[in-house]
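Please open the structure in your viewer and keep the selection tool at hand. The tour below moves from one selection to the next and says what is to be found at each stop.

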Amino acid sequence: MNDKINLTIDGRQVDAHQGATIQQVLESIGNPAPTICIHEATTSEGICRLCAVEVKGWRTLAPACVTKVKAGMVIFTNSERVNRSRRTILEMLNSGVDISEAPALQTLMDKFGADRQRFPQAKTRTQDVKDDNPFYIRDYEKCILCQRCVQACGDDIQFTYALSVSGRGFESNISTFFDTGLPETTCVFCGNCIAVCPTNALQSKTEFLMKQEPDFDQISQEKPKASQKETSVRSTCPYCGVGCQIDLQVKNENIFRVDAPFSIAPNYGRLCTKGRFGLDYVHHPTRLTHPLIRKEIGAKPRQAIGLKGFRQASWDEALDLAAAKITEIVIQKGGDAIGTFCSAKATNEDNYVFQKFVRSVIGTNNVDHCARLCHAASVAGLQIAIGSPAMSNSIAEMKDLDVFIVVGSNTSETHPVISTFFKEAVVKNGARLVVVDPRQIEMTRFATSWLRQKPGTDVVVFQAMAQVIIQEKLYDADFIQKRVEGFENYAASIQDSTPEWAETISGVPAEEIREAARLYANAERAAIYWGMGISQSVHGTDNALSLANLALLSGNLGKAGTGLNPLRGQNNVQGCSDSGGLPNVFPGYQSVTDPEIKAKFEHEWCVTLNPEAGLTTMEMVDAAEKGIIQGYYVMGEDPMMNEPDLRHARQVMEELDFVLVQDIFMNETAAYADIILPATSFAEKDGTFTNSDRRVQLIRQAVPAPGLALPDWKIIADLAQRVEARLGREKSAGFDFGSPAVIWDEMAHLTPTFQGITHARIARESGVQWPCPTPAHPGTPFLFADTFPSGKGKLTPLDYRPSQELPDDEYPLLLSTGRVLYHWHGGTLTRRSKLDDIYPDPTIEVHPQDAKPLNIQAGDWLKVRSRRGEIKVKALITERSRPGMVFIPIHFAEAAANELTLDARDPQAKIPDYKVSAVVIERL
Ligand code: SF4
C-alpha cells in the first residue's frame, strides 16, 4: 500500500508518510520547529506549544509535535502569526520562571526577538531550592513544566511513576513522592529525570555545589590550564553487567556529573542510581595511594590488621619483595602452591596479563574469579546443553519481547537498566512476563504470572513445565528433529514430573505451572533470563539445565527475542572469563588441557605450560587448608567478604605464608595482606569491559590516578618481569606492553572469536559483540542461528535433590542472601559513595507472621544466628519474603551475611549455595 502523501510547507512541495507528525516531516526536510518539551527519549505531548505552526484554513495554530500531516495540507512555519506566538510563549516563560541556566531557551529568546521585560510581574512561583536527598536538588523556579521529567519517570524510560504534575495554572508544579519524605519514596534515584530536564530545575547535587563554591575559580587558577576545562569522557559503568555507556563530565580533575548518550547501545541514555550517582567513590579520601608492606611480615597466624599495621613503600621495594616471595614459593613448592584471583571489575587487558603471568611465569592454572561464586552453575549447565556459556541474545532485543520468563533475578535492583527494557516490553509492547521467585520483587508488578516457589525448588517447577510441554505436545518437533538430541530419553524421564507433583514440593499451584508452560511454549518468540537466585545454589547446574531443556523443547533459541540469558553480575565478569580468568581455559574458552591449544600458547609465550587444569576458588581454599597452597595473589576481589562460611575462610587465610593484594581500597582481604599494591579505578585508565550481552566496550582515562596508584596491567607486567628475572628465565614470555590496545591485540591474535575486534573498531562502533572472527564480520547480536557449538543441543534428564540445610526447630528460618539497589557486592565501592546515605545499615527482611510472635518491630536490631556464626542487623517488616524466610543483603562488612551461609556446593560447578541455609533470629 502506498502511504505517501503530498503537502506544501512554506511554499515547497514535500512528500511525507501518512501518519507522520508535522514535526517529523519538518525534521525530514532539515527544518524542525523549535521546541522545549520534545526530547529524543520522551514522548511529545504538545505541552510547550513552541513548535506550533500555521495550517491554512485552521483557526488555531497546530502543535507540530502531535499534529499528523494530511494530504494537501498547506503549512507555514515562519509566518508573522507563528513567530508572534513563539515570542509570546518565550516571554511568558521568562516571566514565570528562571531560565538563566537554559542556554537553548536563551538562544530562542534572541532568535525570536523576545522582550525579557515584557511580563515582569508574572513571576509567582518563587520557591526555595529543595535539597532533600543525597543526589539532586530541585529548583522549581527554573521549571518550565515541559513534563519531560514526568514522562522519563513514567512510560518513556523508567516506569517508576514517582513524578506527576500537581496544582493548576501558576500554581502548577512537579511533585515527587519524596515530598512525602525518605525512605517512603517510590523514587529510585536513577536521575533519568535530570538527564532530560532542559533548564537545570533538576540538577545533580555535585554539580550544583560545585557551582556554589565561592573560591571555585580561585582553586581553578592554581591548577594547570588543561584541568580547568570541562571535559566529557565516554566510558562504561563499572558496576553491573549491563555495561551502560556513560559520559563522565570532568572539571578540575573531578567527576562532577554522569550523563549517558541516548543513541548508543546497550542503555540508550538510561542509567540507574549506581551509574548516575555512585561513581563518587573514585574521589574517596581512603583510596590506596602508595604500596604498603605489613610491618610484622611473616608472623603466624596471620592477623587481620588496619592501615596502621602497614608502612608505605616505594614501588621498587614492594614489587621486589612480592617477586622474591612468589619466586621462593615457586622454587620450593612449585607454581601450584600459589592460588590467584583475578578480577571481574578489572579490564579484559588487566585480566589477560594477569592469567598470562600466572600461567607462563608462576607455572600454574590456579586462576579463578568471582564468576565461580555467581554464575559458575550457569556456565556448567549451558556448556553441557549447548556448548556455550554466554548470554545468547542482546539487551537491545528486550523491549520487543513476546513472552519472557525472569527467574532468580531481582532485575530492578540488580540490573536496573535491563529492568526498564523488560517493563517497556510489558507496558508499551504487550509482552507477557512470567516471574519465578520466592520474593515479591518489583518485576512481579509487571508479570502476567508469578510462580512463588519455595527456595531451592526451581528445578521441580521447570521439570513440570517441560512435562506439560511434552504431554500437551506443545514442543517444536521440527526444531528438535534438526537441532536437539536425547528427546525420547528425556521425555521418558519426566513422565511423572507432573505439575501436581511439583506443587507438593515447590508450593506453586499446578494450574499456574500449566499456564506458564503453555504461555512459554506457544509464544512465537520467548526468552528466559536468570540471575544468581538460581545459580548460587547446590542445584545451580541443574537449574540452568532445566531452563535449557525448556528452550530446546520449544525451539526458543537461535533467533531474536528468544534465548537463554544468564544476567551477569559484575561489570566485567563476562570479560574476565573471556580473557582466560578461569582455571581450565585460556582466553576464548580454549582448553588448557588440549595439546594443540597448549602448544599454540607455548609458542607465543616462549614457555612450557602446566598441562593440568587449575583449582577453582573454593578448591583453592580447600588446598590452602591442607597446606598445598601457601600463597595468594588477589587482584580486585574480596574473598574475605564473598566466600561462604567466613569463619572458616578466615582460619584458612591465617595460615598462608604469603598474601599479595592489589586493589583500589583497603578491604577485608587486604587486611590479611603482606603487601598491598595500589591500583587505579576504571576512571583512571584505558581498556575494555565486556558486558552481559558479549559487547566489548571501552573505558577511557578521565581523571588522574591518586598518589602512586597504577593500572593493574602495568603492576602485573612489572611484577612478572621481576619474577622472570629471579627465576633466571632467558627469554621473557613478553610483558613489555606499551598500552592496553597492544595487550588486546595480543589476546585477539590468540583468540579466534576476538580476531575482528580492535580498540579502534570498538571506538568507531561504540562496542562490538563477539564472536567477531574477522575485521569484516559485523559482530553477533544473538547466538546459535544455525547450530550450537556442541553441534546438537542436549536434553538432560534431571532429578530433584532437597537443599542441604533446611530450617528445623533450632534454626527455624530459611535464609536467602542477595543484593539491594543502592549497594554493590561486598560494599567496597558503594559504602564509599553517597549511595550509602540512602541505605546505611545492614538489614533483614522478616515477614510479619514471623515478626509478631517475637515482638519484633520495624527498625529493631536483631541477632541472626546460624550454625556457623552470627551478625546484628536491622529489621524490615515486610511481606516481600515468604513466611518462614528471611533475606539479608550481602554488602555490609560489619554484618557480613556470609558469616551465616554454609559451604555447600553444586557438585559440578562447585558454586556455593548462598540462597538456602537455616538461621534463628532474636531481638537485641
Ligand atoms: Fe551501571 Fe548497571 Fe546501573 Fe547500568 S544498570 S548504570 S551498568 S549499575
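In which sense do strand β32 (residues 843-846) and strand β34 (residues 870-877) pair, and over how many bridges? Select both strands in this predicted model, and you will find that β32 and β34 pair in the parallel sense over 4 bridges. To place the pairing at a particular residue, pick Val846, whose bridge partner in β34 is Ile877.

Keep β34 on display and add strand β33 (residues 861-865), which pairs with β34 in the antiparallel sense over 5 bridges. Here Val864 has Ile871 of β34 as its bridge partner, and the two strands, β33 and β34, form a hairpin with 4 residues between them.

Another set of strands comes next. Select strand β17 (residues 432-436), where 4 of the 5 residues are buried, so that the strand is mostly covered. Then add strand β16 (residues 403-407), which runs parallel to β17 and is joined to it by 5 bridges; Val403 can serve as a landmark, since its bridge partner in β17 is Arg432. Strand β18 (residues 449-451) also runs parallel to β17, to which it is joined by 3 bridges, and in this pairing Val436 stands opposite Leu451 of β18.

Now turn to helix α29 (residues 740-750), and colour Pro740, Ile743, Trp744, Met747, Ala748 and Leu750, which are buried. When you look down the axis of α29, these buried residues fall within an arc of 160 degrees, and therefore they line one face of the helix.

The ligand is the next stop. Select the residues around the ligand, which are Cys237, Tyr239, Cys240, Val242, Gly243, Cys244, Leu271, Cys272, Gly275, Pro416 and Val417. Colouring this shell by class shows 9 nonpolar residues, 2 polar ones and no charged ones.

From the ligand, move on to the second largest pocket, which holds about 870 Å³ of space. Its lining consists of 42 residues, and those that lie nearest the centre are Ser204, Glu207, Phe256, Arg257 and Asp259, which make a convenient selection for centring the view. Several elements give two or more residues to this lining, namely α3 (103-111), α5 (192-196), β8 (202-204), α6 (205-212), β11 (254-259) and α9 (273-277). Which element gives the most to the lining of this pocket? That element is β11, with 6 residues. Coloured by class, the lining of the second largest pocket divides into 21 nonpolar, 11 polar and 10 charged residues.

The last stop concerns enclosed spaces, of which the count comes to 5 cavities of 30 Å³ or more. Look for the second largest cavity, in which about 110 Å³ of space lies. To find this cavity, select Tyr136, Cys153, Cys187, Cys190 and Cys193, which are the closest to its centre among the 16 residues that line it. The elements that give two or more residues to the lining of this cavity are α4 (148-153) and α5, and α5 is also among the elements that give two or more residues to the lining of the second largest pocket. By class, the lining of the second largest cavity has 11 nonpolar and 5 polar residues, with no charged residues.

Methods
Residues are numbered from 1 along each chain as its sequence is written. This is a predicted model: local features need pLDDT of at least 70, side-chain atom pairs count only at pLDDT 80 or more; totals for chains, interfaces and linings use all residues. Side-chain values use heavy atoms; hydrogens and water are left out. On a 1 Å grid over the protein atoms alone, a cavity is a set of points where a 1.4 Å probe fits but cannot get out, and a pocket is an open set with protein on both sides within 12 Å along at least five of seven lines; lining residues have an atom within 4 Å of a point. Grid points are joined across faces, edges and corners, and a volume is the space filled by probe spheres set on the points. Ala, Val, Leu, Ile, Met, Phe, Trp, Tyr, Cys and Pro count as nonpolar, Asp, Glu, Lys and Arg as charged, and the others, Gly among them, as polar. Buried means under 20% relative accessible area, exposed over 50%, partly exposed in between (1.4 Å probe, protein chains only). Two strands pair if DSSP finds at least two bridges between them. A residue is near a molecule or strand if one of its heavy atoms lies within 4 Å of it. The arc is that of the directions from the helix axis to the C-beta atoms.
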